[in-house]
Amino acid sequence: MRLAAAGFILIIAATEVCATEPLMDCNDQVVKYDDSHFVPLESRFSVKPLLQRPDRVLRESDPEFTPESPHRTRAFNRVVIADTMKPGPYSNTIDVFSTKGDAVSWRIEIVGLRDNARLKWINEDLLFIQTWWGRIVSTDMLFEVSTGRFVYAKQANYGLLVQPCEEHNPSVKGTGLRPAHYVER
């Protein structure tokens, strides 16, 4: 009985301590970028040269993806995509290759994804790849096609964006809403 009473008192004390902790200012909510350390990239990615570059660019059914680079000298084919109708984690396999000039081709395999990797060309040599490992942590990378290596990799932590915050506008205080600018008519 004493143990139960002590546990109850401890829970009440912990609740009071948590309740008195001040909320973060909503203007301080940011995405934190740092070197990838929560998700070990070496165990999630592999980059291998292809013996022969693909002879064609596969058609994309998803309009979010543009397989050709801006001047159509490089392209990617999403060879294996996640079947998100089944439980994850998922994997993706992406072939990145030149379509003109010297033959350059790479196969990028990614495992442990929450969803399909997002891909977007920055220029003729850099492909932006964003991979989500959960709902809050992703990794943003730049893949350099000419060398077959990642020249940039940072982990993005969106955790602060989902924390409760305090808005300093009294008209919306406590509502969780951000103030809309009032336009007088």
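Let's start with two strands that sit side by side: β5, covering residues 90-98, and β6, covering residues 105-113, pair in the antiparallel sense over eight bridges. To see one of these partnerships up close, find Thr93, whose bridge partner in β6 is Glu109. Keep in mind as you look around that this is a predicted model. What holds such neighbours together? Strands of a sheet pair through backbone hydrogen bonds, and they can do so in a parallel or an antiparallel way.

Now widen the view. Strands β5 and β6 belong to an open sheet of four strands, which has the order β3-β6-β5-β4 and antiparallel pairing. At the edges you'll find β3 (45-49) and β4 (74-80), each of which pairs on one side only. If you compare neighbouring strands in this sheet, they are turned by 20 degrees against each other on average, direction ignored.

Two spots in the loops around here are worth a stop. Arg72 lies in the loop between β3 and β4, and Pro89 is in the loop between β4 and β5. What should you expect from a backbone in general? Most residues other than glycine have a negative phi, and most peptide bonds are trans. Now check the two spots against that. Arg72 is not a glycine, yet it has a positive phi of about 60 degrees. Is Arg72 buried or exposed? Its relative accessibility is 53%, so Arg72 counts as exposed, given that the cut-off for exposed is over 50%. As for Pro89, the peptide bond that joins it to Gly88 is cis, with omega at about 5 degrees.

Let's move on to the other sheet in our tour. This one is also open, and its five strands come in the order β2-β10-β9-β8-β7, with antiparallel pairing. Strands β2 and β7 (118-121) stand at the edges with a single partner strand each, so one side of each has no neighbour in the sheet. From one strand to the next, the twist averages 20 degrees.

In the order of this sheet, β9 sits between β10 and β8, so let's walk out from there, because seven of the eight residues of β9 (residues 137-144) are buried, leaving this strand largely enclosed by the rest of the structure. On one side, seven bridges join β9 to strand β8 (residues 126-132), and the two run antiparallel. Along this pairing, Thr131 stands opposite Thr139 in β9. The link from β8 to β9 is a hairpin with four residues.

On the other side, β9 pairs with strand β10 (residues 149-157), again in the antiparallel sense, over eight bridges. Here Val137 stands opposite Asn157 in β10. The hairpin of β9 and β10 has four residues between the strands, and within it Gly148 takes a positive phi near 70 degrees.

Follow the sheet one step further and you reach its edge strand β2, which pairs with β10 in the antiparallel sense over three bridges. One match to look for is Asp34, whose bridge partner in β10 is Gln155. Strand β2 covers residues 32-34 and also holds Tyr33. With a relative accessibility of 44%, Tyr33 counts as partly exposed. Which residues join Tyr33 in a nonpolar surface patch? They are Val151 and Tyr152, and the patch they make with Tyr33 has an area of about 270 Å².

Next, look just past β10. Gly159 is in the loop between β10 and β11 (165-166). At 14% relative accessibility, Gly159 counts as buried. Gly159 and Ile136 are 23 residues apart along the chain, but their C-alpha atoms are separated by 5.7 Å.

Finally, step back and take in the whole chain. How many helices and strands does the protein chain have? It has one helix and 11 strands, and the helix comes at the start when you read the elements from the N terminus on. Of the 185 residues in the protein chain, 31% are buried. Contacts between residues 24 or more positions apart make up 50% of those with a separation of 6 or more. As for the outside, the protein chain exposes about 12700 Å², and carbon and sulfur atoms supply 56% of that area.

Notes:
Residues are numbered from 1 along each chain as its sequence is written. This is a predicted model: local features need pLDDT of at least 70, side-chain atom pairs count only at pLDDT 80 or more; totals for chains, interfaces and linings use all residues. Side-chain values use heavy atoms; hydrogens and water are left out. Buried means under 20% relative accessible area, exposed over 50%, partly exposed in between (1.4 Å probe, protein chains only). Contact means heavy atoms within 4.5 Å. Accessible areas come from the Shrake-Rupley method with a 1.4 Å probe; for residues, only the protein chains shown count as cover. Patches are made of residues with over 30% relative accessible area and no salt bridge: like charges are joined within 9 Å, nonpolar side chains (Val, Leu, Ile, Met, Phe, Trp, Tyr) within 5 Å. A salt bridge is a side-chain nitrogen of Lys or Arg within 4 Å of a carboxyl oxygen of Asp or Glu. Two strands pair if DSSP finds at least two bridges between them. Axes are lines fitted to C-alpha atoms, for helices over the stretch in contact, and angles run from 0 to 180 degrees between N-to-C directions.
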